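Work through the exercises below with the sequence and the 3D view side by side. Try each task before reading its solution.

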Amino acid sequence: MTGLTLLVLALVGLLAVPTGAQAATAACTPDASTACVGGTVRTSAGDPATGVVLTVEGQGQSVEATTDGDGRWSAAVTKAGDYTVTLDPASLPAGEQLRDPGKNPRTVSVTLNAQFGALFPLGEPRGGGAATPDPDATDGPTAQPEPGGSSGSGVTGKRVAQQLANGLVFGLLLALASVGLSLIYGTTGLSSFAHGEQVTLGAILAYWFVQSLGMPLLVAAVVATLLGAASGWLQDAGIWHPLRRRRIGLTQQMIVTIGLSMVLQYLFQFLLGGGKLRIDTSNPSPVRLGPVSLPSQTLLSAGIAIAVLIGVAVFLLYTRTGRATRAVSDNPALAAASGIGVERVIRIVWTGAAGLAALGGVLIGLYFQSTSWNMGGTVLLLMFAAVTLGGLGTAWGALAGSIVIGVVAEMSSLVIPSDMKYAGALLILILVLLVRPQGILGRRDRIG
């Protein structure tokens with residue numbers, strides 16, 4: 001039964017790859033108060049140019065953007081008018097230069113609630129002449145290839161470092177939601193397909209608090225997390241505890257989670273519409289760490305994720321309730337015989353798991369720079385993959401599996417199209433389970 005479930009999850013995950021990939025590449029989303037200026041920078045060989053810095057200036061605003069692992073960049077501006085877009089030649093990959101250096105900067109006329117492109121082709125300057133040197137960055141076009149990279153190739157040491165950093169950050173954010181999913185499975189044996197909607201709930205609550213009520217982002221994130229945790233308490237009290245008391249089987253309960261997921265998804269769509277929603281419309285400045293460039297907001301999200309995951313570890317290892325949770329996960333019948341209130345522990349797990357998922361939703365929404373009614377559904381199969389890869393029912397396994405999924409997904413785009421990068425992560429899942437069916441940190445179970 002377990003093997004069949006894993007196979008179904010893997011196949012469904014492969015079919016759902018395009019949706020997830022679209023979510024992962026989402027950036028600036030135009031609305032009534034925002035316009036988006038962006039584009040894609042590719043090397044002369046047609047590979048993504050990573051880490052290229054561009055500056056959008058005009059109407060009293062200055063926004064800096066950096067191309068991601070797919071060569072894409074975007075910047076949000078809040079006033080209509082003309083903007084100049086300047087590409088920093090010093091940030092180009094080694095051996096690359098602008099094909100039309102005389103068209104840097106470019107001017108873009110912008111209106112709100114729309115997207116506008118600014119393209120900078122790379123390659124030999126037209127007419128075969130040398131590139132016009134930039135007086136502020138004369139070493140850009142003529143720089144020597146960096147160690148580990150190759151001139152003119154999309155796979156350079158700089159791009160590898162950027163993708164690795166992106167993968168670690170995404171893995172940490174994915175772990176916030178995956179740990180709760182794993183704890184629910186460990187204590188109840190239930191695979192909750194509605195867990196993705198807890199992620200969506202956190203994101204849309206934060207969006208509503210920030211954009212409609214004018215709350216500071218940090219306060220909105222805290223309130224959204226608390227309300228997400230409360231929804232987990234209500235779910236267990238109103239649905240799962242009565243089903244357990246009636247001794248409803250796990251298969252039937254799993255079907256209920258699928259139905260609940262569908263109901264919540266379409267409720268979110270009915271209330272919010274089908275468009276993209278930006279939790280925060282500000283433009284965080286990029287922070288350079290050696291060859292890596294990450295938005296300051298992304299670094300803060302990663303720091304919050306690390307702090308919360310450390311808190312979960314301390315809770316499970318050093319508190320009485322945490323030890324009881326591990327006991328229930330290991331053997332519920334023995335835990336009950338030892339005097340542990342199993343139902344009380346399960347209620348705490350549902351509450352904490354929903355809160356972690358809501359916080360994960362807020363941070364993932366900020367990472368993608370947008371959220372939508374089905375955001376949780378796009379990451380649900382990645383969460384299942386992370387939990388299964390790390391070892392079903394173990395919090396540490398969920399963390400390890402999430403990091404592996406995040407890193408493999410981002411690094412795989414170095415050699416395969418970005419739209420297929422999640423397929424690479426799920427392929428790793430299948431291969432690992434063929435060698436180690438219990439997952440990375442799971443225990444072997446005796447059958448029969």
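## Exercise 1: a residue in a helix

Leaving out neighbours within four places in sequence, Thr-200 is in contact with Phe-268, Ser-372, Trp-373, Met-375 and Gly-376. Contact means heavy atoms within 4.5 Å. This is a predicted model, in which local features need pLDDT of at least 70 and side-chain atom pairs count only at pLDDT 80 or more, while totals for chains, interfaces and linings use all residues. Residues are numbered from 1 along each chain as its sequence is written, and side-chain values use heavy atoms, with hydrogens and water left out.

**Task.** Place Thr-200 in its helix, and decide whether Thr-200 counts as buried or exposed.

**Solution.**
- Step 1. Find the helix: Thr-200 lies in helix 4, residues 195–211. Helices (H or I, at least four residues) and strands (E, at least two) are DSSP runs, numbered from the N terminus.
- Step 2. Read the relative accessibility, which is 0% for Thr-200, so Thr-200 counts as buried. Buried means under 20% relative accessible area, exposed over 50%, and partly exposed in between (1.4 Å probe, protein chains only).

## Exercise 2: two helix pairs

Two packed helices are described by the angle between their axes and the distance between the axes.

**Task.** Describe how helix 3 packs on helix 11, then how helix 12 crosses helix 13.

**Solution.**
- Step 1. Take helix 3 (residues 157–188) and helix 11 (residues 375–390): they pack at about 75°, with axes 9 Å apart. Axes are lines fitted to C-alpha atoms, for helices over the stretch in contact, and angles run from 0 to 180 degrees between N-to-C directions.
- Step 2. Name the arrangement: helix 3 and helix 11 are therefore roughly perpendicular. The classes are roughly parallel under 35 degrees, roughly antiparallel over 145, roughly perpendicular from 65 to 115, and oblique for the rest.
- Step 3. List the contact. Helix 3 brings Phe-170, Leu-174, Ala-177, Ser-178, Leu-181 and Ser-182; helix 11 brings Val-379, Leu-382, Met-383, Phe-384, Ala-386 and Val-387.
- Step 4. Sort the residues of this contact: 10 are nonpolar, two polar and no residue is charged. Ala, Val, Leu, Ile, Met, Phe, Trp, Tyr, Cys and Pro count as nonpolar, Asp, Glu, Lys and Arg as charged, and the others, Gly among them, as polar.
- Step 5. Turn to helix 12 (residues 395–412) and helix 13 (residues 421–435). Their axes come within 7 Å and cross at roughly 135°. Helix 12 and helix 13 are therefore oblique to each other.
- Step 6. Inspect this second contact. Helix 12 uses Ile-405, Val-408, Ala-409, Glu-410 and Ser-412, and helix 13 uses Lys-421, Tyr-422, Gly-424, Ala-425 and Ile-428. By class, six are nonpolar, two polar and two charged.

## Exercise 3: two sheets

**Task.** In what order do the four strands of the open sheet stand, and which strands stand at the edges of the three-stranded sheet?

**Solution.**
- Step 1. The four-stranded sheet runs 3-2-5-6, with antiparallel pairing. Two strands pair if DSSP finds at least two bridges between them.
- Step 2. Follow the bridges. Strand 2 (residues 53–58) and strand 5 (residues 81–87) pair over four bridges. Thr-55 has Thr-86 of strand 5 as its bridge partner.
- Step 3. Continue outward: five bridges join strand 5 to strand 6. Val-85 is bridged to Arg-106 in strand 6.
- Step 4. The open sheet of three strands has the order 4-1-7 and mixed pairing. Strand 4 (72–77) and strand 7 (115–117) stand at its edges, each with a single partner strand, so one side of each lacks a neighbour in the sheet.
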